[in-house]
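Got the viewer open? Let's walk through this one stop at a time, selecting as we go.

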Amino acid sequence: MKEKENSGFQKFLNGVERVGNKLPHPFTMFMMLTVMIVIIAQLLNGFTVPIPGGKEDAVVNGILNKAGFQWFVNNILANFIAFPPFKTVLVTMLGVAVADKTGLFEALSKKFLLRIPPYLLTASVIFVGVMSNLASDAGIVFMPALGAALFAVVGRSPIVGIAAGYASAASGYFANLMITSHDANLSGISLSVMDIVPITASAPMNVTVNWYMAIASTLVLVPVGTFVTDRIIEPKFGRLEGLNIVVNDSDRDVSPAEVKGLKAAGLALFVYLAAIAAMAIPENGWLRDMETGKSMLTQMDPIIPIIALAFFIVGTGYGFASGKLKSEKDVIKCMTEGMKSMGGFLVIAFAASQLIGIFKKTNLATVLAIVGSEGLEASGINGVPLIVIFILFLAFINLFLYSGSSKWALLAPVFIPMFGLLGFSPAFTMALYRIADSCTNIISPLFPYLPIVLGLTIQYKKDAGMGTIMSMMVPYSIAFTVSWIILAVVWYLLKIPVGPGASVLL
């Protein structure tokens, strides 16, 4: 174990942590980045590039003027309220807090561990994290906490559990055994631009065109994530001083009260899911859009409160049955205690929201994406080198322009025609995009869920900072990126169908 601690890569991670933690507080850093973006935008004010397939040009907008100042003053509150994870985190946490504070996560962890061999714990957390994108972004909120609880029960560092839960949930957007809302969103965008060039107009495009590759991605990410967690993250964070985790055999046993609570929670979940199914499956169900008839479970806004309510109902059922809750006042107390932990998130979120709002207003991200794609097209590269460069290029863009659907809405009109003319199918092009859009989320300073994992980590390591999180996430990001590139290259060379009826080449 000592050799692992002193390995070159571990020394590199230690360096990342030391340097990163010497950086200013995330709030200050976001504000500094905001000032830098404002200055760069002002220097490039008026720089124009045409949007491929569009009727308008992308223009860099400087805001160091009266109009820009007034826009900023008028939009400070709007930027904060419109911050992408704002409603997701706060609403989800109302339910998660009840499940957590009543002890449901702890009891579920112990019950879960009785059925799972210790050597499969890490793999199980990674698998559940990857699959959690069925719940859209909500998985990023609850997986770090669940990972911490599972690892703590067996005496392993909860920080390692946080890392495993966060990395798998935030990087697993293009990995699942099921069709998700991301498939629907991105395939819809792709379909809308496929007629730009005739060669791609009639190619297959629907929610299943990436399914085979998504399944393969799941089978790849679980062992890779498990290896990184057990061989790299745990040697560094598994024995931190001050954690004071002492686990007796009795701590791992599920008490009669906990068993009763788990049964009640299971029954409550069954009834709740049955009610949701009754409203979502029938064509005239209450969870069917009145205009389109489509299920509302594929939409972000309805799914978040539905998930939050699930945690609330299950947590409440467990709490009353186990004796942890005595009245509705105890339920409110659990929610209040849970929301207290969101204070740090709100402070950082305010600064991050202003940075993102100004970044969008200046149009720098759009111009950067278009200029980069034009350079890629002009290089004349094709085949395997193009696949590798394309993934790395978009992974870099993802550090600054994180929203998967909005970024694809911008880039699809560029890359689907471009790759189509080079012989690649729209389905495979979209798959390559989804790979790049997933692997660098966890190391992006602009990723809106970063404050969550930082706040949770600080509960166990008081001096944790951005450097700590980066040193935890860099190994996952590197490993996932390399593994996905290999998978994409193999897929291309063997011409394996990307999904039902969807080939790699046109």
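Start by selecting helix α7 (residues 121–131) together with α12: in this predicted model, their axes come within 9 Å and cross at roughly 135°. An angle over 145° would count as roughly antiparallel, and the α7 and α12 pair is therefore oblique. Look along the pair and you'll find that α7 passes α12 in a right-handed crossing. Now show side chains at the contact. From α7, pick Thr-122, Ala-123, Ile-126, Phe-127 and Val-130. From α12, pick Thr-218, Leu-221, Val-222, Gly-225, Thr-226, Thr-229 and Asp-230.

Keep Asp-230 on screen, and add Arg-156. What do Asp-230 and Arg-156 form? They make a salt bridge, with the closest N and O atoms 3.1 Å apart. This pair ties together distant parts of the chain: Asp-230 belongs to helix α12 (residues 211–237), while Arg-156 sits in the loop between α8 (138–153) and α9 (158–171), 74 residues apart. Switch on a surface and the two ends differ in burial: Asp-230 is partly exposed, with a relative accessible area of 28%, whereas Arg-156 has 16%. Buried means under 20%, so Arg-156 makes the cut.

Next, select Glu-234. Arg-156 forms a salt bridge with Glu-234 too, and here the closest N and O atoms are 2.6 Å apart. Again the link is between distant parts of the chain, from the loop between α8 and α9 to helix α12, with 78 residues separating Arg-156 and Glu-234. Both of these residues are buried. Show all three side chains together: Arg-156, Asp-230 and Glu-234 are joined into one network by salt bridges that share partners. How many salt bridges does the structure hold? Two.

Now jump to helix α14, residues 256–280. Put a distance label on the first and last C-alpha of this 25-residue helix and you should get 36 Å, close to the 36 Å expected at 1.5 Å a residue. Then colour its buried residues: Glu-258, Gly-261, Leu-262, Ala-265, Ala-268, Tyr-272, Ile-276 and Ala-280. As you read along that list, remember that an α-helix has 3.6 residues a turn, so residues three or four places apart point the same way.

Last stop: zoom out and colour by secondary structure. You'll count 23 helices and two strands. Of the 506 residues in the protein, 54% are buried. If you draw the contacts with a separation of 6 or more, 79% of them are between residues 24 or more positions apart.

Note on methods: Residues numbered from 1 in each chain as written. Predicted model: local features only at pLDDT ≥ 70, side-chain atom pairs only at ≥ 80, totals over all residues. Heavy atoms only, no water. Salt bridge = Lys/Arg side-chain N within 4 Å of Asp/Glu carboxyl O. Helix = DSSP H or I, 4+ residues; strand = E, 2+ residues; numbered from the N terminus. Buried < 20%, exposed > 50% of the residue type's maximum accessible area, 1.4 Å probe, protein only. Expected span 1.5 Å × (residues − 1). Axes fitted to C-alpha atoms, helices over the stretch in contact; angles between N-to-C directions. Parallel < 35°, antiparallel > 145°, perpendicular 65-115°, else oblique. Left-handed = near helix turned anticlockwise from the far one by under 90°. Contact = heavy atoms within 4.5 Å.
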